[in-house]
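Colleague: I should like to learn how to read pockets and aromatic contacts in a protein model. Could we work through a case together?

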Amino acid sequence: MDNTSTVDLHTGRSMPIIGLGTWKLTDDTTGTVAEALDLGYPMIDTAVDYGTQPGIGAAFERGGSNPKQTYLVSKVEEDEDAYEATKRNLRELGIGAIDLTLIHRPPPRGSGVDMWEGLIRARDEGLTTDIGVSNYSTDQIEQISDATGELPTVNQIEWTPFGWSQEMLDYCRSVGVAVQAYSPLTRARRLDDSTLAEIADSYGKTPAQVLLRWSLQVGAVPIPKANRHDHLEEDINIFDFEISDADMSALNDLNEQWSALGGRLQYT
């Protein structure tokens with residue numbers, strides 16, 4: 001396993017096992033993304049409400065990187081026309097097609113069947129290669145799938161040892177939906193946990209590296225955000241160690257369905 005490894009999607013295509021998140025990465029989006037690409041990040045995650053899509057497009061132009069060699073993930077918002085929003089994302093990124101487009105979050109009422117149908121249209125017209133969801137429960141995934149016969153390829157959800165769900169993981173595995181982990185570093189709020197620190201010290205790694213490695217070993221794809229060179233390097237250097245079964249169990253036991261956004265995570 002390394003930064004070029006991938007996970008299989010039920011469409012027969014694949015997705016990288018790590019990427020760079022760009023939420024609030026607005027100080028120097030272009031420079032940070034260009035540096036991440038140079039360091040070997042194979043995937044970039046964005047959304048229109050992050051304000052980073054134009055900067056990501058500029059990073060490809062400035063660095064001479066080929067966007068076709070970088071897996072790009074973007075999102076449509078819950079109050080948008082998903083088909084038209086996908087075209088808007090492409091204009092902001094300055095590309096002709098995107099690898100994966102997600103519904104950012106379910107609409108306030110229902111599961112977003114109309115939005116899902118809009119993404120299906122965008123995919124069928126070649127605007128996006130694969131489609132998925134974010135912040136969806138298992139019930140909501142089933143609702144859009146039952147209504148359209150189309151299963152998401154990905155569910156991007158908040159996911160750390162302090163807040164995760166074996167039930168969600170088992171469900172996604174059973175139907176072939178990949179789990180992407182956003183805020184996998186707890187937005188730095190739990191990096192000083194004593195159990196995490198002790199395990200990290202035993203491997204000569206940082207708490208952040210252990211959190212990302214934990215995600216990989218439970219079968220989730222982490223997309224950490226970083227905007228400093230040392231953090232970018234730290235987050236990608238997680239392929240030279242493996243967490244033992246005993247330490248994985250200890251990390252799993254930290255679960256209290258905690259959310260960095262406040263409250264408790266709901267997965268069903």
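Modeller: We shall take the pocket, then the aromatic rings, of this predicted model.

Colleague: How is empty space found, and what volume does the largest pocket have?

Modeller: Rolling a probe the size of a water molecule over the atoms shows where space is left empty. Here the largest pocket has a volume of about 750 Å³. Its lining comprises 31 residues, with Trp 23, Tyr 182, Ser 183, Arg 187 and Lys 225 nearest the centre. Helix α9 (residues 229–236) contributes the largest share of that lining, 3 residues. By class, 13 lining residues are nonpolar, 9 polar and 9 charged.

Colleague: How is an aromatic pair described, and which geometry do Trp 159 and Tyr 267 adopt?

Modeller: One gives the distance of the ring centres and the angle of the planes. The whole structure contains 5 aromatic pairs. One of them, Trp 159 with Tyr 267, is edge-to-face, at 6.1 Å centre to centre and 85° between the planes. This pair links distant parts of the chain: Trp 159 lies in the loop between β8 and α6, and Tyr 267 in the segment after α10 (245–252), 108 residues apart.

Colleague: Why does Trp 159 count as buried?

Modeller: Trp 159 is buried because its relative accessible area is 0%, under the 20% limit. Tyr 267, at 5%, is buried as well.

Colleague: Which residues form the aromatic cluster with Trp 159?

Modeller: Trp 164, Trp 214 and Tyr 267 join Trp 159 in one cluster. Trp 164 sits in the loop between β8 (154–158) and α6 (166–175), and its relative accessibility of 6% makes it buried. Among the residues it touches are Asn 252, Asn 255 and Gln 257.

Terms used:
Residues are numbered from 1 along each chain as its sequence is written. This is a predicted model: local features need pLDDT of at least 70, side-chain atom pairs count only at pLDDT 80 or more; totals for chains, interfaces and linings use all residues. Side-chain values use heavy atoms; hydrogens and water are left out. On a 1 Å grid over the protein atoms alone, a cavity is a set of points where a 1.4 Å probe fits but cannot get out, and a pocket is an open set with protein on both sides within 12 Å along at least five of seven lines; lining residues have an atom within 4 Å of a point. Grid points are joined across faces, edges and corners, and a volume is the space filled by probe spheres set on the points. Helices (H or I, at least four residues) and strands (E, at least two) are DSSP runs, numbered from the N terminus. Ala, Val, Leu, Ile, Met, Phe, Trp, Tyr, Cys and Pro count as nonpolar, Asp, Glu, Lys and Arg as charged, and the others, Gly among them, as polar. Buried means under 20% relative accessible area, exposed over 50%, partly exposed in between (1.4 Å probe, protein chains only). Contact means heavy atoms within 4.5 Å. Rings of Phe, Tyr and Trp (its six-membered ring) pair if their centres lie within 6.5 Å; planes under 30 degrees apart count as stacked, over 60 as edge-to-face and the rest as tilted. Lists of a residue's contacts leave out its neighbours within four places in sequence.
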